[in-house]
Amino acid sequence: MKAKAMSLGASMLVMALLLFPTGAYAQFGGIFSAILSTITGPIGGALTDINQIRSSILKTEQQALWPVRLITQAQNYISTIKASYRGWMNQVYTLPVNSANLQMSKSLESAFLSGQIGQVGTFAQSYTSTYGVQPASGAAPQLNLQMMDIEDAVAKDATVQSMAADQATTKMLQTAQRIEDEAQTTAPGTAAMVAAEARTAELASIAMQHKLLAYQLREAAIQLGHRGSILKQSTSNTQNLNQQILNHLGGGQ
Amino acid sequence: MTILRSFVRKPLVRRIALGGAGVLIVSTVAVQPAHSQFGIDIAAILAGLKEINSTLSSAVASPLKAINQVEQQEQQFQQNVLYPISAINSAKQMATGFTASFTSFRQLGALNISSATLPNPQQLE
């Protein structure tokens with residue numbers, strides 16, 4: 001009887017356990033709820049924030065930093081500047097300034113205004129034809145021969161230097177115009193490349209200017225040397241003359 | 001009541017009752033759907049996953065799509081306005097073209113222009 005009651009009770013208990021809902025559903029529901037909350041909260045919210053920030057950055061770039069309207073306006077401005085001054089400036093750069101009349105001097109002038117270093121040979125011949133040849137050794141005092149030689153050399157060197165500078169200037173102007181053309185179509189991202197080229201060209205131009213300035217200093221120094229040499233010669237000649245006068249008067253030694 | 005007790009006390013009836021209880025227990029256990037075994041409700045899990053999928057679509061995929069659109073606009077802006085490949089190539093071509101010019105500048109700067117003929121002037125020069 002007791003065993004029967006126990007078996008019946010156990011049967012009822014097992015049935016109750018198996019038939020009634022367990023706590024599993026509620027447990028998973030909590031997990032899903034947490035996941036959904038994380039997705040909609042931290043993840044979804046962060047993504048929305050990222051989107052807003054990216055949109056804001058893009059808007060700033062397009063409206064404040066690099067507005068297409070202003071870029072186009074700057075490019076049009078370059079076009080206007082080019083159209084208004086390039087042709088006129090090219091005329092200025094190629095303005096003929098030659099004025100010699102005689103054949104030899106015209107040839108000399110043509111050579112040193114050519115702006116072509118390839119004309120150096122022609123220039124040297126024309127220079128000699130125009131200013132005369134260096135006297136032979138013994139034809140004049142050595143000091144005078146040397147002064148003539150160095151002064152011819154300085155004159156010719158400076159002129160050749162100026163011819164090279166003219167040639168460089170022509171190239172530099174072409175370079176500048178090419179940079180200007182490029183600036184007309186460049187973009188904000190490539191403007192730095194164009195600017196770097198412009199700066200390089202500028203440095204090359206300054207270097208050439210420095211060479212010309214250095215040559216001007218050398219010319220001035222040579223002129224001073226020439227003046228000093230004449231004074232020295234004059235002093236020496238005066239001393240010689242005094243000595244000869246004293247000799248003639250019988251007071252010399 | 002007495003009749004019922006006497007009826008239950010019959011061995012055959014008791015056996016039948018115990019056997020029926022056993023069958024009931026076994027059938028109860030056996031007919032329980034597999035997904036409900038051990039307390040795991042797969043239907044609930046599926047419903048939860050569907051809910052997650054729906055939430056991912058709305059809360060994650062939607063902002064990501066918007067971010068993608070903005071990124072595409074940014075890329076387009078960079079490619080068309082800031083860093084157009086044509087402008088980059090043009091600038092590079094210009095730089096390459098200037099190489100000859102700058103070499104020419106250096107050559108002109110290093111030109112030997114000496115012309116003195118006598119020893120002392122040559123030395124001075």
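Buried means under 20% relative accessible area, and by that cut-off A:Glu180, at 15% relative accessibility, counts as buried. The structure discussed here is a predicted model, and this report follows A:Glu180 and its partners first, before turning to the interface, the nonpolar cores, one glycine and the confidence of chain A.

## A salt-bridge network in chain A

Over all chains the structure holds seven salt bridges. A:Lys82, A:Arg86, A:Glu180 and A:Asp181 are linked in a network of such bridges, and the pairs that involve these residues are set out below with their N to O distances.

| Salt bridge | N to O distance | Helices of chain A | Separation in sequence |
|---|---|---|---|
| A:Asp181 and A:Lys82 | 2.7 Å | α6 and α3 | 99 residues |
| A:Glu180 and A:Arg86 | 2.8 Å | α6 and α3 | 94 residues |
| A:Arg86 and A:Asp181 | 3.0 Å | α3 and α6 | 95 residues |

For A:Asp181 and A:Lys82, the closest N and O atoms are 2.7 Å apart. A:Asp181 lies in helix α6 and A:Lys82 in helix α3 of chain A, so this pair ties together parts that are 99 residues apart in sequence. The side chains of A:Glu180 and A:Arg86 meet in a salt bridge at 2.8 Å, N to O, and that pair likewise links distant parts of the chain, with A:Glu180 in helix α6 and A:Arg86 in helix α3. A:Arg86 also forms a salt bridge with A:Asp181, where the closest N and O atoms are 3.0 Å apart, and here too the pair links distant parts of the chain.

How buried or exposed are the members of this network? Because the limit for a buried residue is under 20% relative accessible area, A:Arg86 counts as buried at 16% relative accessibility, and A:Lys82 counts as buried at 17%. A:Asp181, with a relative accessible area of 28%, is partly exposed.

The side chains of A:Lys82 and A:Asp181 are also joined by a polar contact of 2.7 Å. When neighbours within four places in sequence are left aside, A:Lys82 is in contact with A:Gly87, A:Glu180, A:Asp181 and A:Gln184.

## The interface between chain A and chain B

The two chains meet through 66 residues of chain A, which are in contact with 59 residues of chain B. The area buried between chain A and chain B is about 5,300 Å², and carbon and sulfur atoms give 74% of that area. Between the two chains the count is two salt bridges, and the side chains of B:Glu71 and A:Arg54 meet in a salt bridge at 2.8 Å, N to O. Across the interface, 11 residue pairs are found in polar contact, with both residues at pLDDT 80 or more. On the side of chain A that touches chain B, helices α1, α2 (24–65), α3 (68–93), α6 and α7 of chain A each supply at least two residues, and the largest share of that side, 20 residues, comes from α6(A).

## Nonpolar cores

The largest nonpolar core has 14 residues, of which A:Ile179, B:Phe102 and B:Phe105 touch the most other members. At least two residues of this core come from each of α6 (142–185) and α7 (191–249) of chain A and α4 (85–109) of chain B. Leaving aside its neighbours within four places in sequence, B:Phe105 is in contact with A:Ala168, A:Lys171, A:Met172, A:Thr175, A:Ala204 and A:Met208. Apart from this core lies another, of 12 residues, among them A:Ala111, A:Val160, A:Met163 and B:Ile113.

## A buried glycine

A:Gly115 lies in the loop between α4 (103–112) and α5 of chain A. With a relative accessible area of 7%, A:Gly115 is buried. Not counting residues up to four places away in sequence, A:Gly115 touches A:Met163, A:Asp166 and A:Gln167. The C-alpha atoms of A:Gly115 and A:Ser162, which are 47 residues apart along the chain, are separated by 8.0 Å.

## Confidence in chain A

Chain A averages a pLDDT of 90, and 91% of the residues score at least 70. Within chain A, confidence is highest in helix α5 (residues 120–131), at a mean of 96, and lowest in helix α1 (residues 2–19), at 68. Where pLDDT is low, the predicted coordinates should not be read in detail.

Note on methods
Residues are numbered from 1 along each chain as its sequence is written. Chains are lettered from A and ligands numbered from 1 in the order in which they are written. Side-chain values use heavy atoms; hydrogens and water are left out. A nonpolar core is a set of buried Ala, Val, Leu, Ile, Met, Phe, Trp, Tyr and Cys residues joined through side-chain atoms within 4.5 Å. Buried means under 20% relative accessible area, exposed over 50%, partly exposed in between (1.4 Å probe, protein chains only). Helices (H or I, at least four residues) and strands (E, at least two) are DSSP runs, numbered from the N terminus. Contact means heavy atoms within 4.5 Å. pLDDT is the predictor's confidence in each residue, from 0 to 100. Buried area is the accessible area (1.4 Å probe) that two parts lose on being put together, summed over both. A salt bridge is a side-chain nitrogen of Lys or Arg within 4 Å of a carboxyl oxygen of Asp or Glu. A polar contact is a pair of N or O atoms within 3.5 Å; within protein, one must be able to donate a hydrogen and the other to accept it, and residues adjacent in sequence count only if both atoms are side-chain atoms.
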